[in-house]
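Q: The questions below concern the surroundings of a ligand and ask for the reasoning behind each description.

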Amino acid sequence: MPDQPFHLLINGRAVEAATSFGVIDPATGSQFAACPLASIEQLDAAVAAARAAFAGWAATPVDDRAERLLAIAGAIEAEQNDLAALLSREQGKPFKSALGEIGGALYWIRATAALRPPVERIDKGEGPVVKIHRRPLGVVGSITPWNFPVMIAIWHVIPALLAGNSVVIKPSPNTPLTTLRLAEIASGHLPAGVLNAVTGDVEIGSAMARHPGIDKIVFTGSTPTGRAIMRDGAANLKRLTLELGGNDAAIVLADADVDAVAPRIFSAAFGNSGQICAAIKRLYVHEDIHDALAAKLTEMAAAGVVGPGSDPASQYGPLQNRRQFDYVSALADDARAAGGRFLAGGEASGGDGYFFPLSIVVDVSDGTRIVDEEQFGPILPIIRFDDAEDAIARANASENGLGGSVWSSDVAQAARLAQRLECGTVWVNDHSTISPDIPFGGAKQSGIGVEFGQHGLDEYSQLQTVRIPR
Ligand code: NAD
């Protein structure tokens with residue numbers, strides 16, 4: 001694998017590129033495939049194709065657009081095993097998790113295809129009758145990261161297309177291949193030019209953000225890149241949806257049932273090897289139960305099987321790329337130097353792959369990098385507190401505001417506290433769970449706008465008020 005070459009998708013055709021770049025298998029650190037690298041001229045051609053296709057697609061009845069999206073879901077499902085194998089190889093996650101990601105993407109396509117842009121009517125009994133329609137924006141540029149390449153591509157592309165926009169997608173250069181295959185599959189069910197796929201990194205991404213032919217950028221990735229896109233997009237006042245970094249705090253109150261909450265906290269911290277935007281990244285635990293919960297989580301971390309995605313025994317894959325591996329290793333070293341005590345993991349065992357063990361660190365606090373920065377990897381810092389007010393203040397002392405949670409046997413009290421967290425989503429006795437019908441987005445520097453559900457769909461359209469004389 002892979003036995004077929006990969007192509008860009010421009011105006012419904014598979015297109016070769018003059019140059020290519022290597023895609024690394026994170027389990028070995030070695031290149032396993034070559035990906036075509038799009039030129040700026042090819043980006044221009046993709047945008048021109050999307051612009052040309054826009055009017056026809058926008059005029060296609062929404063029910064017909066939805067039908068085509070459902071057909072795409074069927075076609076992806078038919079190839080899900082091959083897609084999952086490719087996703088596992090380029091992203092690093094175990095095959096079963098890759099299949100789960102594709103299953104999630106199918107679920108999202110089907111739920112999103114059932115949404116419809118509403119038409120509102122205002123009639124005061126006199127004066128004009130007013131209808132508020134939603135018009136598609138034009139060409140949407142989608143820029144995706146490497147942690148959930150398939151799921152996030154679907155989150156961007158499907159509502160954009162349903163709302164009547166055409167799309168140019170650019171995946172992360174770390175994980176471009178499954179997205180190119182998805183685009184190829186989808187193109188069999190869409191008019192030429194409605195969906196285009198290009199590749200590359202900062203140069204192509206920032207050319208998309210500056211491109212006068214692109215009306216909106218939907219971006220999932222880091223906060224610094226989000227800022228750059230905002231700056232670049234100002235050229236033509238691009239609409240933006242930015243889903244950025246998080247440093248989610250979970251606060252466990254003294255009355256929480258340690259045995260009941262531990263497995264849920266564990267999976268919300270270590271799923272996808274911690275490479276989840278809304279994973280638990282800082283765990284504040286009341287001092288009465290701190291040691292008991294830390295011991296329970298340590299047991300689970302020690303039992304977790306980290307290994308190559310291709311090994312059916314693996315539950316957790318490597319970090320996705322060398323840069324992330326080096327960064328997570330540096331955070332671990334810094335935590336140790338600051339007096340942090342690793343109860344599990346803490347150091348990579350060597351070898352060529354980007355494997356880092358599931359790690360629990362205690363005796364760290366705010367002011368150390370592992371607490372203040374987003375680790376995006378499998379290290380959970382546990383921070384002791386004795387006053388819930390203080391825990392809330394520390395949780396809020398962050399430029400991020402993606403998610404947060406409070407854990408307690410008193411659900412009403414936990415909900416009251418949770419609502420004081422400055423973030424886009426708060427959970428009680430849970431964390432990280434998302435659904436296609438519930439809006440999700442960041443407060444503060446974790447993002448702008450939301451995805452999912454009717455509110456998410458609204459981000460791909462512009463209100464048009466039509467005033468009709470009575
Ligand atoms: P990144 O910002 O480095 O890259 C993301 C994408 O942006 C890639 O496709 C990259 O090629 C492109 N890019 C880089 N520079 C660009 C520029 N100047 N202009 C336009 N595009 C550019 O992020 P990453 O390292 O791939 O992903 C990890 C980060 O993403 C983490 O911070 C994580 O929290 C965040 N993330 C957020 C969410 C969310 O929903 N909030 C989801 C997943 C990941």
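A: Ala, Val, Leu, Ile, Met, Phe, Trp, Tyr, Cys and Pro count as nonpolar, Asp, Glu, Lys and Arg as charged, and the others, Gly among them, as polar. In this predicted model, the shell around the ligand divides on that basis into 15 nonpolar, 11 polar and 4 charged residues.

Q: Which residues come nearest to the ligand?
A: Thr 144, Asp 201, Ser 222, Leu 244 and Glu 374 do, out of the 30 residues around the ligand.

Q: What makes the approach of Glu 374 to the ligand a polar contact?
A: The cut-off for a pair of N or O atoms is 3.5 Å. An N or O atom in the Glu 374 side chain is 2.5 Å from a ligand oxygen atom, so this pair qualifies. A polar side-chain atom of Ser 222 lies 2.7 Å from an oxygen atom of the ligand. For Ser 206, a backbone N or O atom lies 3.5 Å from a ligand nitrogen atom.

Q: How much of the ligand's accessible area does the protein cover?
A: On its own the ligand has 860 Å² of accessible area, and the protein covers 92% of this. The space that the ligand takes is the largest pocket.

Q: Why is the ligand said to lie between domain 1 and domain 2?
A: Because domain 1 (8–244 + 446–468) and domain 2 (249–435) both give residues to the shell around the ligand.

Q: Which helices and strand each supply at least two residues of the shell?
A: Helix H7 (202–210), strand S10 (216–220) and helix H8 (223–233) each do.

Notes:
Residues are numbered from 1 along each chain as its sequence is written. This is a predicted model: local features need pLDDT of at least 70, side-chain atom pairs count only at pLDDT 80 or more; totals for chains, interfaces and linings use all residues. Side-chain values use heavy atoms; hydrogens and water are left out. A residue is near a molecule or strand if one of its heavy atoms lies within 4 Å of it. A polar contact is a pair of N or O atoms within 3.5 Å; within protein, one must be able to donate a hydrogen and the other to accept it, and residues adjacent in sequence count only if both atoms are side-chain atoms. Accessible areas come from the Shrake-Rupley method with a 1.4 Å probe; for residues, only the protein chains shown count as cover. On a 1 Å grid over the protein atoms alone, a cavity is a set of points where a 1.4 Å probe fits but cannot get out, and a pocket is an open set with protein on both sides within 12 Å along at least five of seven lines; lining residues have an atom within 4 Å of a point. A molecule sits in a cavity or pocket if more than half of its atoms lie within 2 Å of its grid points. Helices (H or I, at least four residues) and strands (E, at least two) are DSSP runs, numbered from the N terminus. Domain bounds come from an automatic or database domain assignment.
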